[in-house]
Amino acid sequence: MSPAETAATTLATPLTKDDLLRDYRLAWESRHASLAGRKEVFMGKAKFGIFGDGKEVPQLAMARAFQNGDFRAGYYRDQTFMVAIGELSWQQYFAQLYAHTDVEAEPATAGRAMNGHFATRLLDDDGNFLPQTDRKNSSADISPTAGQMPRLLGLAYASKLYRQNPELHELKNFSVNGNEVAFGTIGNASTSEGMFFEALNAAGVLQVPMLMSVWDDHYGISVPAEYQTTKQSISAILMGLQRESEGEQGFEIFVVRGWDYAALTDTYQKAAALCREQHVPVLIHVTEVTQPQGHSTSGSHERYKSRERLDWEEAHDCIHKMREWLLAEGHAEAAELDGIEKDAAATIKTARTAAWAAFFDPIKAEQAEAVALLDKLVASLGAENSLHELVAQLKNNPAPIRADIVRTLRRVLRELRHETRSRGRRAVQQHLEQLLAENADRYNSTLFSQSEWAVGNIEEVPAQYAADAPVVDGREVLQACFEANFRRDPTIFAIGEDVGKIGDVNQAFAGLQDKFGELRVTDTGIRECTIVGQGIGAALRGLRPITEIQYLDYLLYAIQILSDDLACLQYRTKGGQKAPLIIRTRGHRLEGVWHSGSPMQMILGSIRGIHVCVPRDMTQAAGFYNTLLRSDEPALVIECLNGYRLKEKVPANIGEFTLPLGRPEVLRPGEDVTVVTYGSMCRIVLDAAKQLAEVGISVEVVDVQTLLPFDTEQLIADSLQKTSRVVFIDEDVPGGATAYMMQQVLDEQNAYRFLDSAPRCLAAQAHRPPYGSDGDYFSKPNVEDVFDTVYELMGEANPEQFPPIY
């Protein structure tokens, strides 16, 4: 079956006149909001604006098909839809444009994301999930185009799990028999992104209720469709996804014009029912969409659109066409519609005025309070001084921001640094400290969970060993850990390449698919980005996914979505959403350029907001998994590739013992030098420490265990206070994670004051390791490198006892 373009004059969906006029009113309210928003930016009251004008009518149709329990993963032009489903008010819309930091005024992001980035609050004030099935839900938007697609796949996948896994049927707050549809939206140009194609292919393979809308206005900023899409039609080139007949695997594809209200409404009703009932993914290609104000406030579309195109867009404006249809079908009189349009403009003016007052009045009050304190201080100093100008600038600023207030207070105190401390100066200092604390909450808080299930609140349970504890391959320790957790919690599942049938390439899941079924331990295609996205969406809906990236080198495929979506999720919603996803992978030493990576610098710089665990063996990894699976925070666990067949004892409480994050472990006490490392390097450093002891050098070996968080108890500083020398060692490139660890210890912990020698870093070469044992030896730190580095450090302090070797 080929998707013919749908057109309609008579509406098949039963709607009353009130329904139709409500939609018309919302369309005009949204249009006026877009027009007003652009003006607010040009007046300097907002920094940037990107709006949903031209998409109003298709979004109204989509909203009519959206039910309680459904989820949205969209992009930054869905304002009409969000208002239509009752999850955005126009005052909240303008509050976001102004970056209002009050979560009550701007509940989506508390002013942290620019306008058009929508979200509903999925958590209560204590960080616990609210019921999702009695309300309409929107996952938190991100700006990178197509970045919503991996998460969308996961939101839809959760419905499949809730429907097909009987163990989950009692979780009524998250799903009712998997009937929930995940609605996605995207612009036509962004369908060129690889994430779009990857997610669609995965949805077709999985057969999940994903309803994907493409708003096609023919352009991507200034670049027209002929440069974007083969055949200039995303539906045409995706015809291979179309089901041949009912019951077969594949997509249903619909094409409908963006100004045809009747056809849009009927199409969305049909598509959503198909998704909801049969779990068939659907693509709706909405063509002939317009964008009356161009892409954003950063430019004008008159620069790149022809006069003919602009005239066509004016003639096919969806709201004007809806008016024509209402009149032609006899649903309303012209005067009636004129009144609605006028009322819509007044509604937006009222909302805009109220939002600005709610945003700006508190700042003006803060300005006045600071000025009063400063006036009093200046007056107490007597004669005319340089502070008068600073205070006058703040007092006369007609549109201050909070930075202006804090900046002035800091500069005033700077000017008074030589003055005797007075009551007035102390009052200004205290006020500054109060403002800094308040603004830290506004702008810097909730990177991690604040709930009782935060990682730091998980009770530590030591590993216990029976006298006859079995000694097995490390992979078997992990296997036992995963099995115990799967039995404990039915919401836990694992997905990834080769995870299911063979139990992953290192067999830590071996046999678990047979025990728990394919829904719990599942093979995926080779698609790292959407494996992670599948986990993000499922975690947003109350499940506990473990997503596997086969090798650490392949994390590059997923790093963007980890960084832009998962890592900042709690932050960008100010604690309104969470996705406790565990990403499991393995790295460090194996063989060759693409199987022995340790790109820790990239990871540490990209995913703040996700914990990073770097266990040295599989027992340590199991302890971290036990902790994380009881927590509500995301984490990346990097296992040692060369450790799966090394022998380890199996703890008697294999599924219960927990390891705290952020606490290093001293593997070998010493007196002369502290060596800080992690992962596979621990065994190499311990070997070198043993050899160094033979020449009279006592090395304290510290395994950091986690890089994020890093040594929260400052145990490494305690070690440096004893040894007064330190070497940081790992397998990343020079200046990578070794530099990070050094900064954390010397800067954050102020441990530089304990040093008698310059700190050293020993890292891998600046290139990836070549294949073979010699490639490994000459590319990554080896025992001799460690020995020589520590020996040389001691030789600087005591050249007689430790003369040069070479």
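Buried means under 20% relative accessible area, exposed means over 50%, and partly exposed lies in between (1.4 Å probe, protein chains only). This is a predicted model: local features need pLDDT of at least 70, side-chain atom pairs count only at pLDDT 80 or more, and totals for chains, interfaces and linings use all residues. Residues are numbered from 1 along each chain as its sequence is written, and side-chain values use heavy atoms, with hydrogens and water left out.

**Exercise 1. Describe how helix 1 packs on helix 2.**

Step 1. Fix the elements. Helices (H or I, at least four residues) and strands (E, at least two) are DSSP runs, numbered from the N terminus. Helix 1 covers residues 17-42 and helix 2 covers residues 56-65.

Step 2. Take the geometry. Two packed helices are described by the angle between their axes and the distance between the axes. Axes are lines fitted to C-alpha atoms, for helices over the stretch in contact, and angles run from 0 to 180 degrees between N-to-C directions. Here the axes come within 10 Å and cross at roughly 130 degrees.

Step 3. Classify the angle. Under 35 degrees counts as roughly parallel, over 145 as roughly antiparallel, 65 to 115 as roughly perpendicular, and the rest as oblique. Helix 1 is therefore oblique to helix 2.

Step 4. Assign the hand. A crossing is left-handed if the near helix is turned anticlockwise from the far one by less than a right angle, and right-handed if clockwise. Helix 1 passes helix 2 in a right-handed crossing.

Step 5. List the contact (heavy atoms within 4.5 Å). Helix 1 supplies Asp 19, Arg 22, Asp 23, Leu 26, Ala 27, Ser 30 and Arg 31. Helix 2 supplies Glu 56, Leu 60 and Arg 64.

Step 6. Sort by class. Ala, Val, Leu, Ile, Met, Phe, Trp, Tyr, Cys and Pro count as nonpolar; Asp, Glu, Lys and Arg as charged; the others, Gly among them, as polar. The contact has three nonpolar, one polar and six charged residues.

**Exercise 2. Do the same for helix 11 and helix 13.**

Step 1. Helix 11 spans residues 334-380. Its axis and that of helix 13 come within 9 Å and cross at roughly 15 degrees.

Step 2. That angle makes helix 11 roughly parallel to helix 13. The crossing is left-handed.

Step 3. Helix 11 brings Pro 362, Ile 363, Glu 366, Gln 367, Ala 370, Leu 374 and Leu 377 to the contact. Helix 13 brings Arg 402, Ile 405, Thr 408, Leu 409 and Val 412.

Step 4. The contact divides into eight nonpolar, two polar and two charged residues.

**Exercise 3. Place three salt bridges in the fold and state how buried their partners are.**

Step 1. Set the rule. A salt bridge is a side-chain nitrogen of Lys or Arg within 4 Å of a carboxyl oxygen of Asp or Glu. The count comes to 52 salt bridges.

Step 2. Take Glu 56 and Arg 31, at 2.8 Å, N to O. This pair links distant parts of the chain: Glu 56 is in helix 2 and Arg 31 in helix 1, 25 residues apart. Glu 56 is buried at 0%. Arg 31 is buried at 6%.

Step 3. Take Arg 407 and Asp 404, at 3.0 Å, N to O. Both lie in helix 13 (residues 402-415), three residues apart, about one turn of the helix. An α-helix has 3.6 residues a turn, so residues three or four places apart point the same way. Arg 407 is partly exposed at 37%, whereas Asp 404 is buried at 19%.

Step 4. Take Arg 586 and Glu 548, at 3.0 Å, N to O. Arg 586 lies in strand 14 (residues 582-587) and Glu 548 in strand 13 (residues 544-548), so the pair ties together parts 38 residues apart in sequence. Arg 586 is buried at 0%. Glu 548 is buried at 2%.

Step 5. Widen the view. A network of salt bridges links Asp 504, Glu 548, Arg 584, Arg 586 and Glu 639.

**Exercise 4. Characterise the surroundings of Gly 74.**

Step 1. Gly 74 sits in the loop between strand 2 (71-73) and helix 3 (79-84). Gly 74 is buried, at 0% relative accessibility.

Step 2. Leave aside neighbours within four places in sequence. Gly 74 then contacts Asp 141, Gln 148 and Thr 185.

Step 3. Compare sequence with space. Gly 74 and Ile 142 are 68 residues apart in sequence and 8.5 Å apart, C-alpha to C-alpha.
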